Amino acid sequence: MFLCAKTLPIAEGLQMADVKWTIRALEFYMPLAKHRESWTGKEDLIVVSQLDESEPIVSFDKAGKEVAVDKNVAPSQPVLSIVPVETRFDQPMSPAGSRNVRDQNGNAIGTLEPIGVKGSSLIACGETCGGGGGGSAPIPPGIYLEFSRILDMKEPWFRGEPEIEVHIQGPYMGGAPTYAEDLSCSGEHPYDYRKVFDQNTGFWEGRVLLFAEDEVLGFTQKFSDGFHVMFWEDDNQPCTLKLDANPLADFVKSTANAFGTVAIKLIPGAPWKLVAAVFVATWFSNPGSWLLTNDDFLGVAVDQASAGNVYPENTHVIIGDGRVLNGRANIIYHH
């Protein structure tokens, strides 16, 4: 393989030995399953690179000739990708709990998957999963995501599968009721095993805990205006958002102005317990520690009746960047 670099001018009087070169953390892999599972090292392939999502992609064939590749449509020709690292190499899949599949008896790369679990609907339910013979045990009470449809996942094909996360975000101290922080996170690598799910395509269906009953009841005892349910594509540390908070606050305010609500509120004891709420965050805790990175805001859950949309069997729409419809979801309180 090869790496290409542009020739940079050296300032007068500055020697080459004085130039300090640093390379950010990168990963080199074949991002598409159909390529990993079909390429046996014989066909021509393409190497694609992109160091920043705002930059165009650069692509070369094996002869080193630059070729044109569509950023939005993956080619049929196998592709190797060089991009900033997103894989959690410090959290490898368990050898005992996973296996490499569809590798053409070792002739292709294949895909590593959990044993007995379909990756697109992965749900960790611990001791609450139903066993054989006696039916399913009751699930722990709380707020659950049971379906999501995301139109734009903001992860191009050459960067691999998206890292979709759902965050509960709301106020955390009574003296500043709009001063907000992350209260809970669900995704592929959350801190709570009950909140594991893995959405790799535009559709996901299953049942994953977003906000446990003790969490949500503790919240409602302190605050009355609800909380946000936000969808993210996280390219950094799992369940730790890093972004420029100013644009996010603007997106949330714009959505609130358009639809009158950008939050969810739980009313214990009411027949319909999850209702639209008016909370709008103006800032996040410790804003100085939030950095401008590649975390992509996909949208905030808005009561679909308030947004003027009606999708059968769904409760909310996902609104991103102010008024842009970016999907829909089914968010349910089980008790």
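A nonpolar core is a set of buried Ala, Val, Leu, Ile, Met, Phe, Trp, Tyr and Cys residues joined through side-chain atoms within 4.5 Å. In this predicted model, the largest such core has 27 residues. There are also 5 salt bridges in the structure, and three of the pairs are walked through below.

**The largest core**

- If you want to see where the contacts pile up, look at I143, L145, L210, F227, V229, F231 and I331, the residues with the most contacts inside this core.
- Several strands and a helix chip in with two or more residues, namely β8 (142–150), β9 (164–171), β12 (203–212), α2 (213–220), β13 (228–233), β14 (263–266), β17 (296–303) and β19 (324–334).
- Strand β12 gives the largest share, 4 residues.
- Zooming in on I143, and skipping residues up to four places away in sequence, you'll find it touching V208, L209, L210, F211, V216, F227, L274, I331, I332 and Y333.

**A second core**

- Apart from the largest core sits another one of 13 residues, with W232, V262, A307 and I319 among them.

**Salt bridge E146–R207**

- E146 pairs up with R207 in a salt bridge, with 3.1 Å between the closest N and O atoms.
- E146 is in strand β8 and R207 is in strand β12, so this pair ties together parts of the chain 61 residues apart in sequence.
- E146 counts as buried because its relative accessibility is 15%, and the cut-off for buried is under 20%.
- R207 has 34% relative accessibility, so it goes down as partly exposed.

**Salt bridge E37–R102**

- E37 and R102 form a salt bridge too, and their closest N and O atoms are 3.1 Å apart.
- Both partners sit in loops: E37 between α1 (33–36) and β2 (46–49), R102 between β5 (98–101) and β6 (111–114).
- That makes this a link between distant parts of the chain, 65 residues apart.
- At 16% relative accessibility E37 counts as buried, whereas R102, at 44%, is partly exposed.

**Salt bridge D44–K62**

- D44 forms a salt bridge with K62, and here the closest N and O atoms are 3.8 Å apart.
- D44 lies in the loop between α1 and β2, while K62 is in the loop between β3 (58–61) and β4 (79–84), so the pair joins parts 18 residues apart in sequence.
- D44 is partly exposed at 49% relative accessibility, and K62 is partly exposed at 46%.

Conventions
Residues numbered from 1 in each chain as written. Predicted model: local features only at pLDDT ≥ 70, side-chain atom pairs only at ≥ 80, totals over all residues. Heavy atoms only, no water. Buried < 20%, exposed > 50% of the residue type's maximum accessible area, 1.4 Å probe, protein only. Contact = heavy atoms within 4.5 Å. Salt bridge = Lys/Arg side-chain N within 4 Å of Asp/Glu carboxyl O.
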